[in-house]
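The report that follows takes up one residue, then the core, the pairing of the chains and the contacts with a DNA strand. Please read it alongside the sequence and the model.

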Number of protein chains: 2
Amino acid sequence: MDNNLHQSFQALGDPTRLAVLEQLLKGPASVSDLAKPHPMALPAFTKHLGVLERAGLITSHKSGRVRTCAIDPAGLSALDRWFTDRRAMWEGRLDRLQTHLNAKKD
Amino acid sequence: MDNNLHQSFQALGDPTRLAVLEQLLKGPASVSDLAKPHPMALPAFTKHLGVLERAGLITSHKSGRVRTCAIDPAGLSALDRWFTDRRAMWEGRLDRLQTHLNAKKD
DNA sequence: TAAATTGTTATCCATTTGGTTAAGTTATAT
DNA sequence: ATATAACTTAACCAAATGGATAACAATTTA
């Protein structure tokens, strides 16, 4: 299995981008609206949007002179599933059974 | 709410560290055991372990000359919850209601 | 048509990151 | 007592990252 998952995690590994995502969860927004809370110049900010988009966490389309961004549910679901698929393994209750089964697989 | 969550996400934003975490989900392991699959010198590898530990995703203790690492369930649960707490917001079913409520809050 | 909005492109810069090698340190094994 | 194993510390390096400015489109708006 070839994981490119780390790219999505890396996209979340920055406070600005995490905040942008939280804001987009409330609904789509334009670049400049998204940028407002963040104390940096636009070119720096749009780079962050690029990272999120390349990571598959947001989508965007330009209409006239305004680009509107929105959450990409597929990207977030993929990350969410990474955790749900592994939750039992760190939560302890199934640890002994799980690790035993995994050991057999090696 | 002061998020240091991005630090944990950043820790997962590297293929080596993601692989280490997957391996540790199978059970605790020593540094050199963990390092074996990864084609890099030990100092580089232990830096990755340091990142994971500072991010609260793994713990470790040294016994004799061998350091044993293990998953830190609290760290993984925190990340997991970030997604589960937001799942409804990107899954669409509640989107209209959710965004409407959030709009009222602003 | 002129001016203002809303991005975009191009360069540049300091810092962080992910790696290296060399030289220790501390336990265990012979 | 020596050698080996399992890290650690220190110093260094290239490349990626997160930021800045300046200049340039391309729409609206007045």
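## From a buried serine to the DNA surface

In this predicted model, Ser8(A) is buried, its relative accessible area being 9%; the cut-off that matters here is under 20% relative accessible area, so the residue falls within the buried class. Ser8(A) belongs to helix α1 of chain A, which runs over residues 5-12. Leaving aside residues up to four places away in sequence, Ser8(A) touches Ala55(A), Leu57(A) and Leu79(A).

One of these partners, Leu57(A), leads on to the nonpolar core. The largest nonpolar core has 54 residues, and among them Leu57(A) and Leu57(B) touch the most other members. The element that gives the most to this core is helix α5 (residues 73-90) of chain A, with six residues. When residues up to four places away in sequence are not counted, the contacts of Leu57(A) include Ala11(A), Leu12(A), Leu21(A) and Leu52(A), as well as Ala70(A), Ile71(A) and Asp72(A); Gly75(A), Leu76(A) and Leu79(A) are also among the residues that Leu57(A) touches.

How are the two chains arranged? A turn of 180 degrees, with a shift of 0.0 Å along the axis, lays chain A on chain B with an RMSD of 0.0 Å, and the two copies are thus related as by a two-fold rotation axis. Because 100% of the interface residues of chain A are also interface residues in chain B, the copies meet through the same surface.

Both chains also take part in the surface near DNA strand D, where α4 (42-54) of chain A and, from chain B, α3 (31-35), α4 (42-54) and β3 (66-71) each supply at least two residues. The largest share comes from α4(A), which gives four residues. By class, this surface has eight nonpolar, five polar and seven charged residues. Of the 20 residues around the strand, those that come nearest are Lys47(A), His48(A), Arg65(A), Ser32(B) and Arg67(B), while sugar and phosphate account for 62% of the atoms of DNA strand D that come within 4 Å of the protein.

Individual polar contacts with DNA strand D are set out below.

| Protein residue and atom | Atom of DNA strand D | Distance |
|---|---|---|
| Ala41(A), backbone N or O atom | phosphate oxygen | 2.8 Å |
| Ser32(B), polar side-chain atom | phosphate oxygen | 2.6 Å |
| Arg65(B), side-chain N or O atom | base nitrogen | 2.8 Å |

Ser32(B) thus appears both among the residues that come nearest to the strand and in a contact with a phosphate oxygen, whereas the side chain of Arg65(B) is paired with a base nitrogen.

Key. Residues are numbered from 1 along each chain as its sequence is written. Chains are lettered from A and ligands numbered from 1 in the order in which they are written. This is a predicted model: local features need pLDDT of at least 70, side-chain atom pairs count only at pLDDT 80 or more; totals for chains, interfaces and linings use all residues. Side-chain values use heavy atoms; hydrogens and water are left out. A nonpolar core is a set of buried Ala, Val, Leu, Ile, Met, Phe, Trp, Tyr and Cys residues joined through side-chain atoms within 4.5 Å. Buried means under 20% relative accessible area, exposed over 50%, partly exposed in between (1.4 Å probe, protein chains only). Contact means heavy atoms within 4.5 Å. A residue is near a molecule or strand if one of its heavy atoms lies within 4 Å of it. A polar contact is a pair of N or O atoms within 3.5 Å; within protein, one must be able to donate a hydrogen and the other to accept it, and residues adjacent in sequence count only if both atoms are side-chain atoms. Ala, Val, Leu, Ile, Met, Phe, Trp, Tyr, Cys and Pro count as nonpolar, Asp, Glu, Lys and Arg as charged, and the others, Gly among them, as polar. Copies are superposed by least squares on the C-alpha atoms of residues with pLDDT of at least 70 in both.
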